[in-house]
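Dear colleague,

Please find below the structure that I am handing over to you. My notes on its aromatic residues and its cavities follow.

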Amino acid sequence: MNIEVLVFYFFAAITIIAAIGVISVKNSVQAVLCLVLTFFSAAALWLLLEAEFLAITLILVYVGAVMVLFLFVVMMLDVDFAALRQGFVKHLPIGLLLGFGLFGAIYWVIRFEIFGSEKVPEPAKHEQGYSNVEELGRLLYGEYFYPFEIAGVILLVAIIAAISLTFRGRRERKGQSVREQHRVLKEERLKIVSMKSEPIKQGDDA
Amino acid sequence: MSFMQLLIEGFWIVGKILLILVPLILAVAYTTFAERKLIGYMQMRLGPNRVGPKGWLQPIADVIKLLMKEVVVPSGANKTLFLLAPILFIAPSFAAWAVVPFDAELVLADTNVGLLYLLAMTSIAVYGVIIAGWASNSRYALIGSLRSASQIVSYEIAMGFALVAVLMAGGSMNLGAIVEAQNGSALHWFWIPLFPILVIYWISGVAETNRAPFDVPEGESEIVAGFHVEYAGMAFALFFLAEYANMILISILTALFFFGGWLNPFQGIPYLEPATDWIPGTVWLLLKAAWFLFMMIWLRATFPRYRYDQIMRLGWKVFIPITVVWLIVLTFWIKFEWGWWFDGRGIAAIGGVS
């Protein structure tokens, strides 16, 4: 047994168990953490494919940013678990039907003939100096330069659209303006009064 | 490779990991001692001076005290997550050390994505904070964890941009290669072409480690101790350990990215360079890192705590625009090979888009 195969099965098992955990764990925060674990082990599988850039980007983007926001939202939710479990039996047939339908559709699109170790050639191992980052950079900024830039522009449009959709006009806020705070002079805030010092009376110092 | 070879190699890697971690933990212990002593002197006090000669055994006493204490799990806390949080916090802060080179050949994992890996590890640490705050079932802890999480997420963007600038200047994501790109003399180091980036990286680093003046997540005066109020004993010690390990990491990274890492600062100077040639690179790296560590402690003794909205303003409205502008400046700097930093990397060398 090859060590890589062992590592693969280890992380593949974690991926599947964690993915099942996402939908079966009762506590929603734990479900989000299961999803994080799924991403992690998927990244480990990508590392096995020598795609270290993609693996670390997966962790950086999904685990480090997207899931943090998920966790924020889920933590703030006040989920009523009893209400969630109501009507489970009633809706089970529809759920099963939908589930099998979806599975069938996926199965129909990517049939089993495509998969299997005989069908797919083993990916070639790269030599010592191979850099996944350089290779990806060469493809993205060389061969696929225009599609990549166009995708970037589309994303920019989406960002601006999202901001303008949630923008609800100017609101009167009570926030401080740092510029005004910086422009304040000493004379506006501080007044030095010259007065005679009071003599200390005997027996008055508590 | 046979099973025996594999086993030996596995033990060898574990040994190397211990070679990094054990000195790191000792360094953390004595950083706390240095911090208390330094702040003591800055405030005209003596600092700890009772345990052992001149107080040198104080951190050891602290560690033993923390180990002996009971780990209290508050009632109503989510016990699994409560105990998992410190582990989630400390694991990435230790894991990040895997890619840190201590000398030209002295690195545990010589990976091509070192920079990204570091960024990923610092961004995962936020889970420990969020979960600690949520699982404690305490409102102070929750407020602290929300503050910390938003602070880490905001400053990570500025830090990421700063690392992009370092990547552009160094021409590689491998930390060793970035240091090698600064070879030449102290004037070849990246602190000159990347000066604004250096300042931003350093301040974001202080903010990411939740250190004063950015320590609102544990602002003692308002929310007791932030996300780790409910932790006692060893569980608290893990948070403490991770925070100081992160401080040392940020200091070492600043030395690596901007101050030539293990390179001799007297390089290229007649008489001084041959005279200091025998000093190993690791010593230079640690000396440079120690200076930045000292600066962190100095900052804490000097500045009052930032207000929360000021922190957010600084991160989003000041740092991110500056880094973006400097990235553009740097692009031209590299393209036209101004100065001596980016020889052989400009238009002439690449020959335009092929």
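Both Y231(B) and F239(B) are buried. Please bear in mind that this is a predicted model. The rings of Y231(B) and F239(B) form an edge-to-face aromatic pair, with 4.9 Å from centre to centre and 70 degrees between the planes.

A further pair is formed by F257(B) and F258(B), whose ring centres are 6.3 Å apart. Their planes stand at 85 degrees, and an angle over 60 counts as edge-to-face, so this pair is edge-to-face. F257(B) is buried, at a relative accessible area of 1%, and F258(B) is buried as well, at 0%.

Over all chains, the structure holds 30 aromatic pairs. Ring pairs also join W189(B), W191(B), W202(B), F259(B) and F292(B) into a cluster.

I turn now to the cavities. Three of 30 Å³ or more are present in the structure, and the largest cavity encloses about 100 Å³ of space. Its lining includes F89(B), T122(B), A125(B), I152(B) and M159(B), together with E208(B), T209(B), N246(B), L249(B) and I250(B).

Which elements give two or more residues to the lining of the largest cavity? They are α4 (114-135), α5 (139-170) and α9 (233-258), of chain B. The most is given by α9(B), with three residues. By character, the lining of the largest cavity divides into six nonpolar residues, three polar residues and one charged residue.

Yours sincerely

Key:
Residues are numbered from 1 along each chain as its sequence is written. Chains are lettered from A and ligands numbered from 1 in the order in which they are written. This is a predicted model: local features need pLDDT of at least 70, side-chain atom pairs count only at pLDDT 80 or more; totals for chains, interfaces and linings use all residues. Side-chain values use heavy atoms; hydrogens and water are left out. Rings of Phe, Tyr and Trp (its six-membered ring) pair if their centres lie within 6.5 Å; planes under 30 degrees apart count as stacked, over 60 as edge-to-face and the rest as tilted. Buried means under 20% relative accessible area, exposed over 50%, partly exposed in between (1.4 Å probe, protein chains only). On a 1 Å grid over the protein atoms alone, a cavity is a set of points where a 1.4 Å probe fits but cannot get out, and a pocket is an open set with protein on both sides within 12 Å along at least five of seven lines; lining residues have an atom within 4 Å of a point. Grid points are joined across faces, edges and corners, and a volume is the space filled by probe spheres set on the points. Helices (H or I, at least four residues) and strands (E, at least two) are DSSP runs, numbered from the N terminus. Ala, Val, Leu, Ile, Met, Phe, Trp, Tyr, Cys and Pro count as nonpolar, Asp, Glu, Lys and Arg as charged, and the others, Gly among them, as polar.
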